[in-house]
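Q: Could you walk me through reading salt bridges in a protein model?

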Amino acid sequence: TSNKRTLRTLFRAAALPPPVISEASPSQKKLLAYHRGKEQQEMINQLLIDRALEVYYITMDETDKDETAPPVTELPSTVRKYFFIKSYYLFLKKCVQSNPVVPIQQKWLRSMLAMVPQSLMEGRGRELLTEDLLKEIVRDYEKSMQRCVLRRALIKPDIEELDKLEEEAPLPLLPLTWRNSYIEAKSQIISTLHILHPTMKTLLDFGYTAFFNFLVVDFSSSRLKGPVDCKSFKTDASISCSKAEDEIMSTWHQRVISLFSQSEALDGVKLEQLESFYNCVAVLMSNQLKELLQRTTEVFVKLFDPEDRSHLPLFKMDLTFDENRMEFYPSLQDLEEAILFVVDCVGQTLQNVQMTRAWLMGGTATLDAELPAHTVQWAKSTLKKSIRDNLEGPKEHFKGYVESYGWLVDGTAEERINRFVAEQPSFDEYT
């Protein structure tokens, strides 16, 4: 006796119930025969389902089996039928999905690329972007083809658990109509995004003309003038910032005010949009001023680059002797403070520029032209490191003086002389 189950043992002959012998009328016999045939048919159908389910369970992959589930024969008949339908559908679905799909035609992909404007196909990284886009199209095509084939080949049973397992978006019946929504969104942007207004373009032109080669402080030629003391360096920075602010206010700002003094500057702007329009103007002007101050700061920091000392400013420093001490004047700390002062001076420039609407309406609101905190932090930390690197030479020079002549001023020489005289040396020893 072997426990191995085969198709022959699984499909055993169905045992039918013995005939019922009774004294009944012909009509009753006919009715009983009808009920008996119906019961026999249901029994045969149930046996077929059970046997088919057992065969399927034997032949299915080991990875698909649920070891914790009870034997199929121990389940109620309704559960066996439900389990058979669900499992058999998933089995057939797996078979259908494993079949290859017709690949997408290359001429279709070329036609899609031909519809893209040439201006969008140029530039760095566009080839990789196009390749990724085509791969995404191929993946979506293959996925859609598999779903279409599956829906044509199989009818999914009305089982709630299958709906949870197959949470898929419905296939599009028609091409997506995005052009109308795109045109609507574009129209809305044009009507509400004030940066597209012609006046803003003129404002941008004013800023570019006034600032593209302008610096609030320019010490690039300081090295050619020779050494400068720290006090003069700070004074020059303050004067330069003050002159730059006056020049900007008398040229750029006056042109902006003159522009918005004309009624044509507000063409197409509705009354309820005035506030947002002038807010856009204020943001644009603020960004222009911030860019100017940030560019000036970056150029100043670059002067102290240890790898390029062609524009490094020269500072006049004295080596002094006072109260038996040798030291630099001004001190190295004062030198660092004078250099960092320029960053603060640039950051304090153009901080009281009136907003256009405030100037026209007699208000006092000013533009936000403050240097970002991260820019100030970067500038000062970079300058401190550059100052330390560039001061290595003066420090070594000072150290050489101390090592060579410090004993003359720190009392060592005087002590040796006194000790020598106290010993009352001879004339020869004196000489």
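Q: Let's start with one residue: is Lys290 buried, partly exposed or exposed?

A: Buried means under 20% relative accessible area, exposed means over 50%, and partly exposed lies in between (1.4 Å probe, protein chains only). Lys290 has a relative accessible area of 24%, so Lys290 counts as partly exposed.

A: A quick note on the source: this is a predicted model, where local features need pLDDT of at least 70, side-chain atom pairs count only at pLDDT 80 or more, and totals for chains, interfaces and linings use all residues. Residues are numbered from 1 along each chain as its sequence is written, and side-chain values use heavy atoms, leaving out hydrogens and water.

Q: What does Lys290 form with Asp368?

A: A salt bridge, meaning a side-chain nitrogen of Lys or Arg within 4 Å of a carboxyl oxygen of Asp or Glu. Here the closest N and O atoms are 3.2 Å apart. The two partners come from distant parts of the chain, 78 residues apart: Lys290 sits in helix α11, and Asp368 in the loop between α13 and α14. Helices (H or I, at least four residues) and strands (E, at least two) are DSSP runs, numbered from the N terminus. Asp368 is partly exposed too, at 43%.

Q: How many salt bridges does that rule give?

A: The count is 6.

Q: Where do Asp389 and Lys385 lie?

A: Both are in helix α14, 4 residues apart, which is about one turn of the helix. Their salt bridge has its closest N and O atoms 3.2 Å apart. Asp389 is partly exposed at 31% relative accessibility, and Lys385 is partly exposed at 48%.
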